[in-house]
Amino acid sequence: MFSIERWSEVFEAISKNKLRTFLTGFSVSIGILILVLLLGVGEGMKNGIELQFAQDAQNRVQIWSGVTTVEYKGLNPGRRVQFKNKDYDLVTKNYGDDLEYKSSTYQRWVNVFSYKENTSSYRIEGVLPDYQFLENAGIIQGRFINQQDQDRYTKNVVIGKKVRNELFKTENPLGKLIKSNGVNYKVVGVFQDPGGDREESRVFFPLSTMQKIYGAGNDISNISFTLPKAATYEEAVKKSTALVGEIETLLKARHSVAPEDTSGVNYFNSIAEAKKFYDLMANMNLFFWFVGIASLLAGIIGVSNIMLIIVKERTKEIGIRKALGAQPSSIIWMILHESIFVTAISGFTGLILGLLLLEAVGSAIQTEFISNPEVNLNVAISTVIVLVVSGAIAGFFPARRGAKIKPIVALREE
Amino acid sequence: MIEIKDLHKSYKVGKNSLHVLKGINFSVKEGELVSIMGSSGSGKSTLLNILGMLDEAEKGTYHLDGVEIKNLSEKIAANYRNKFLGFIFQSFNLINYKNALDNVALPLYYQNVKRKERTEIAMSYLEKVGLAQWAKHLPTELSGGQKQRVAIARALAGQPKVILADELTGALDSTTSYEIMELIQEINDEGKTILVVTHEDDIAHMTKRIVNLRDGIIIDDRKVDQVKAKAHV
């Protein structure tokens with residue numbers, strides 16, 4: 001089937017009909033181009049969302065209190081619920097074995113910090129030692145808040161990379177004092193966070209210190225923890241959903257919040273949220289494939305149509321060939337060979353164009369939700385397979401039709 | 001070479017059936033040059049198509065070189081056409097994107113002859129019809145007479161048992177027609193069996209035998225004194 005003879009026949013037919021061949025190939029190229037672009041953007045969105053979730057530990061759960069909306073046990077709605085250290089202690093006492101990292105935090109919005117002549121304002125959070133892992137914070141200098149800081153109410157703080165860069169410029173911040181509201185704090189560590197600047201412009205205090213300084217008593221803003229890794233993703237989602245449910249019930253009971261109240265006790269379950277996004281992503285990917293394949297299909301139908309016209313146009317030639325002794329199979333192969341060749345070549349062109357386009361434009365469309373649009377090798381290979389197969393399908397039916405024409409009928413054609 | 005007995009063929013035209021061949025008995029020996037004559041509708045083209053295995057008869061037998069031609073599959077028919085028959089058509093039927101040489105070589109391609117050999121054989125037949133220097137020209141660059149010569153070379157290239165010519169001079173002026181007939185006579189003199197379908201008397205008289213067809217039966221079958229085309233050129 002791949003004899004030089006047949007190739008030269010195909011090239012002859014193609015070179016004599018350049019426009020026809022070009023138009024055929026063009027539709028296939030566009031189809032593949034769109035498929036590749038869609039898949040690339042789909043991959044980019046997946047990367048983007050993954051990056052969003054990389055800010056914090058993926059299996060993190062955060063619980064915070066709010067204002068009740070439902071009357072319960074004689075208490076009016078609109079009551080503010082305040083979590084205390086005791087709530088945290090209770091949760092860790094009851095469920096400690098099920099948790100991997102845990103921390104309660106106390107947050108204040110922004111504070112002004114200064115070092116020498118540099119002054120700027122940053123978010124501050126009072127945290128426990130485990131918080132480092134809950135935040136996915138990587139220590140690049142010094143250390144994180146430790147248990148001693150917590151126990152002894154030290155005025156040690158850990159600052160984000162951005163804070164360091166702004167306040168200290170090139171100076172080594174470790175052991176230096178920064179001032180806020182007239183109080184000096186010692187920098188003991190610098191962290192970086194995959195979440196970027198926004199996450200890195202924070203200052204962490206020991207929780208106990210912060211509660212004392214701000215006169216918060218035993219108040220805490222929220223309770224955060226992660227769960228140990230489960231064998232499967234599904235299992236992890238199931239476990240964490242169940243655990244969060246139990247803790248929610250416990251806390252609601254303690255604070256007399258109605259079980260159906262959705263705002264007195266709030267929580268964010270990363271892994272469950274992530275699952276929603278991944279499910280959405282999977283659906284979106286499916287959709288992209290569907291649209292891509294549909295556009296490819298349109299191209300293939302175009303090829304099939306053009307092949308039909310080609311067969312019609314070549315009816316007389318087919319008749320002559322049959323009169324001279326061409327076997328039906330040789331007619332089928334002649335046309336099939338041409339269509340596979342044309343679809344493969346133009347498909348590859350579309351594929352390469354698509355990849356180049358992704359490469360060129362890809363870096364320019366880095367947004368919060370699209371990052372690194374790319375097409376992996378598997379996809380490229382499957383596209384190529386789809387191509388060759390579709391070329392064969394697009395060519396086969398017209399070819400069979402051509403082979404079935406009776407020579408006597410074909411020869412009469414003018 | 002050709003043996004036909006009681007051949008019938010009819011076509012369906014709407015609801016009616018048109019009986020075109022109504023029992024043809026006819027034989028051709030090796031080396032004969034026969035013309036089949038008749039007005040249009042006499043069935044001569046149908047007969048030629050059946051002889052050429054482009055069409056099939058309903059009734060009757062057809063032997064070609066001792067082989068019975070019957071219930072042929074497409075594949076076998078193609079094979080027989082390739083081995084036994086050479087066609088010459090009124091409208092030449094050359095493939096217009098192939099040059100003269102490639103057109104002549106086409107039957108050999110379907111006989112699986114290697115390219116180099118094919119080109120050599122095709123060239124020798126082009127020389128025979130006097131068109132060696134036109135080998136690389138496309139059919140559109142050739143005159144009608146030249147095209148028919150290429151077609152004749154193509155019909156000969158496959159070394160068939162019988163050459164079937166359908167109104168081969170129908171699209172040519174009389175001078176060119178005679179030149180073509182001269183070539184046909186030459187080939188016949190070398191021993192090739194040739195059947196010519198024509199409705200022109202002068203062309204028919206350049207063959208050795210005339211078979212007259214009317215309304216689907218042979219009304220006359222006689223040997224004639226061959227008029228040499230050379231005298232007219």
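**Cores and a mixed sheet in the predicted model**

Chain B carries 7 helices and 10 strands. The model is a predicted one, and everything below should be read that way. Of the 233 residues in chain B, 47% count as buried. Contacts in this chain also reach well along the sequence: taking those with a separation of 6 or more, 68% link residues 24 or more positions apart.

Now to the sheet. Six strands of chain B line up in the order E6-E7-E8-E3-E9-E10, giving an open sheet with mixed pairing. At its edges sit strand E6 (85-88) and strand E10 (217-223), each of which pairs on one side only. From one strand to the next, the twist averages 20°. Strands of a sheet pair through backbone hydrogen bonds, and they can do so either parallel or antiparallel. Strand E9 (residues 209-214) of chain B and E10(B) run antiparallel, joined by 6 bridges. Across this pairing, Leu213(B) stands opposite Ile218(B) in E10(B).

As for the nonpolar interior, the largest core has 114 residues, and Val104(B) and Leu195(B) are the ones with the most contacts inside it. Chain A takes part here too: its helix H12 (residues 328-362) gives the most to this core, contributing 10 residues. Looking past the neighbours within four places in sequence, Leu195(B) touches base with Val28(B), Val34(B), Ile36(B) and Leu51(B), and likewise is in contact with Val162(B), Leu164(B) and Ala165(B). A second core, separate from that one, has 43 residues, among them Phe144(A), Val163(A), Leu207(A) and Val244(A).

Methods
Residues are numbered from 1 along each chain as its sequence is written. Chains are lettered from A and ligands numbered from 1 in the order in which they are written. This is a predicted model: local features need pLDDT of at least 70, side-chain atom pairs count only at pLDDT 80 or more; totals for chains, interfaces and linings use all residues. A nonpolar core is a set of buried Ala, Val, Leu, Ile, Met, Phe, Trp, Tyr and Cys residues joined through C-beta atoms within 7 Å. A residue is buried if 20 or more other C-beta atoms lie within 10 Å of its own, exposed if 12 or fewer, and partly exposed in between; C-beta atoms are placed from the backbone. Helices (H or I, at least four residues) and strands (E, at least two) are DSSP runs, numbered from the N terminus. Two residues are in contact if their C-beta atoms, placed from the backbone, lie within 7 Å. Two strands pair if DSSP finds at least two bridges between them. Axes are lines fitted to C-alpha atoms, for helices over the stretch in contact, and angles run from 0 to 180 degrees between N-to-C directions.
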